[in-house]
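Q: Could you take a close look at one part for me and then work outward from there? I'd like the reasoning spelled out, please.

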Amino acid sequence: MDDFQAGEETTFVVDDVSTVIKESIENTIGGNAYQHNKVNQWTSNVVEQCLNQLTKLGRPFKYIVTAVIMQKNGAGLHTASSCYWDNSTDGSCTLRWENKSMYCIVSVFGLAI
Amino acid sequence: MNSPRPFDGRRHSIDPVAIANMAHQSRRTSGIVNPLAGWPQSRRHSVMVPPPQVNRRRSSRLYQLQTDCSTTFTGLPLAPIPQRIENTYKIGPDEGKQYKQAEVRKAAERIVDEVLEGVPYMEKDFPTEKVILRKHRDIWGKKVMQPSNGGKVAKILVEEVKDELKKLNMDRYKFVVNAVVGDGRGQGMLMASRCLWDTETDGHVTVQRTTEKHFAVVTVHAVYYE
């Protein structure tokens, strides 16, 4: 009879991914204040680091990583996402991080191949 | 199994047979919150066997077990076994079913414009009568304690774009649609995304709309399922 697929993880594990995201945000913009001229580089770095760490996990997934960095101004922000995928194998993880001068929202979507 | 034992007042373990008996009798089962909830949990049975139907006058709703008895010795259900699907030996999308960037962009832009026309992004006013919003009365009509309509707009945008994408005849493609809606009060903001995928079969589209006071950004990522 077929067993569970013990060796290879073929479902999206949210906890591992969320630690990866947290680390990459802290390493890139950990103690900084919002600076308009640097924010371009920061978002790229956050996203690239996330993606690099995710590939190192070595799982059979395609990844989509999006990051939003927004200055704290009293303005409101809403995000939503809708996905057409296979519920049993695919998943997403969204992390919201903030410091005194900015918000950072990173979402990772993992789609099984 | 013989005739069921009467409930003897011990509440630290649950005996489904006794519960079924007591369900319509005295109130001594007050320690058990909901005996008819989902799965019966019992430590006294090594195999879940439904009691004999002979002298059962109670409803057998408690025993909603699968016929192949897929429960462990604690009575809790086994995790579902993942199905193995046969190999299709395909290495790319079929003719006519590939990712078409232009079509996806046109569809996304059309839907975003349709939804945002006449919709107040963040104020509490009600929108003008739009056909597309009548479908989403359950989202729009909710009286939730929210200071703004931005969240509802984002949800509707995302659902509508996803439904439109499904009509584009791109089999074996998975879609991820993201919407960001907010106030534009002079703050700085940057959105970035990076993907680990196959550049020949997958792609993305971004649609941005701004007014004097608000902005909306919708991104669509399409990924081929190998």
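Which residues are exposed on the other side of H2(B)?

A: B:Ala102 and B:Lys106 are the ones exposed there. Bear in mind that this is a predicted model. Now for the side they face away from: B:Val104, B:Ala107, B:Ala108, B:Ile111, B:Val112, B:Val115 and B:Leu116 are buried in H2(B). Those buried residues cover an arc of only 145 degrees around the axis, so they sit on the same side of H2(B). The helix length checks out too: H2 of chain B runs over residues 101-116, and at 1.5 Å a residue its 16 residues should span 22 Å, which agrees with the 22 Å between its end C-alpha atoms.

Step back into the loop between H1 and H2 of chain B and you meet B:Tyr99, which pairs with B:Tyr173 in strand S1 of chain B, 74 residues apart. The ring centres are 6.3 Å apart and the planes are at 35 degrees, so this pair counts as tilted. Both B:Tyr99 and B:Tyr173 are buried. The loop between H1 and H2 also holds B:Lys97, while B:Asp171 is in the loop between H5 and S1 of chain B, so their salt bridge ties together parts 74 residues apart in sequence. The closest approach in that bridge is 3.1 Å, N to O. Unlike the tyrosines, which are buried, B:Lys97 is partly exposed at 22% relative accessible area, and B:Asp171 is partly exposed at 39%.

The loop between H5 and S1 has some backbone worth a look as well. B:Asn169 is found in it, and its phi is near 60 degrees, a positive value in a residue other than glycine. B:Arg172 is in the loop between H5 and S1 too, again with phi near 60 degrees. That catches the eye because most residues other than glycine have a negative phi. As for exposure, B:Asn169 is partly exposed at 42% and B:Arg172 is partly exposed at 28%.

Carry on along chain B and you reach the partner chain. B:Lys174 forms a salt bridge with A:Asp90, with the closest N and O atoms 2.8 Å apart. There are three salt bridges between chain A and chain B. Another joins A:Glu48 and B:Arg194 at 2.9 Å; A:Glu48 is in helix H2 of chain A and B:Arg194 in strand S2 of chain B, so the pair joins two chains. A:Lys62 and B:Asp202 also meet in a salt bridge, at 3.0 Å, reaching from strand S1 of chain A to the loop between S2 and S3 of chain B. A:Lys62 counts as buried at 5% relative accessibility, and so does B:Asp202 at 6%.

What about the interface as a whole? 42 residues of chain A are in contact with 48 residues of chain B, and the two chains bury about 3800 Å² between them, 60% of it on carbon and sulfur atoms. A:Lys62 turns up again here: together with A:His78 and A:Tyr84 it supplies 20% of the area that chain A buries against chain B, more than any other three residues. One last stop is A:Thr43, which lies in helix H2 of chain A. A:Thr43 is buried, at 0% relative accessible area, and touches residues of both chains: A:Ala67, A:Ile69, B:Leu190 and B:Ala192, leaving out those up to four places away in sequence.

Technical notes:
Residues numbered from 1 in each chain as written. Chains lettered and ligands numbered in written order. Predicted model: local features only at pLDDT ≥ 70, side-chain atom pairs only at ≥ 80, totals over all residues. Heavy atoms only, no water. Helix = DSSP H or I, 4+ residues; strand = E, 2+ residues; numbered from the N terminus. Expected span 1.5 Å × (residues − 1). Buried < 20%, exposed > 50% of the residue type's maximum accessible area, 1.4 Å probe, protein only. Arc of directions from axis to C-beta. Phe/Tyr/Trp six-rings, centres within 6.5 Å; stacked < 30°, edge-to-face > 60°. Contact = heavy atoms within 4.5 Å. Buried area = accessible area lost by both parts, 1.4 Å probe. Salt bridge = Lys/Arg side-chain N within 4 Å of Asp/Glu carboxyl O.
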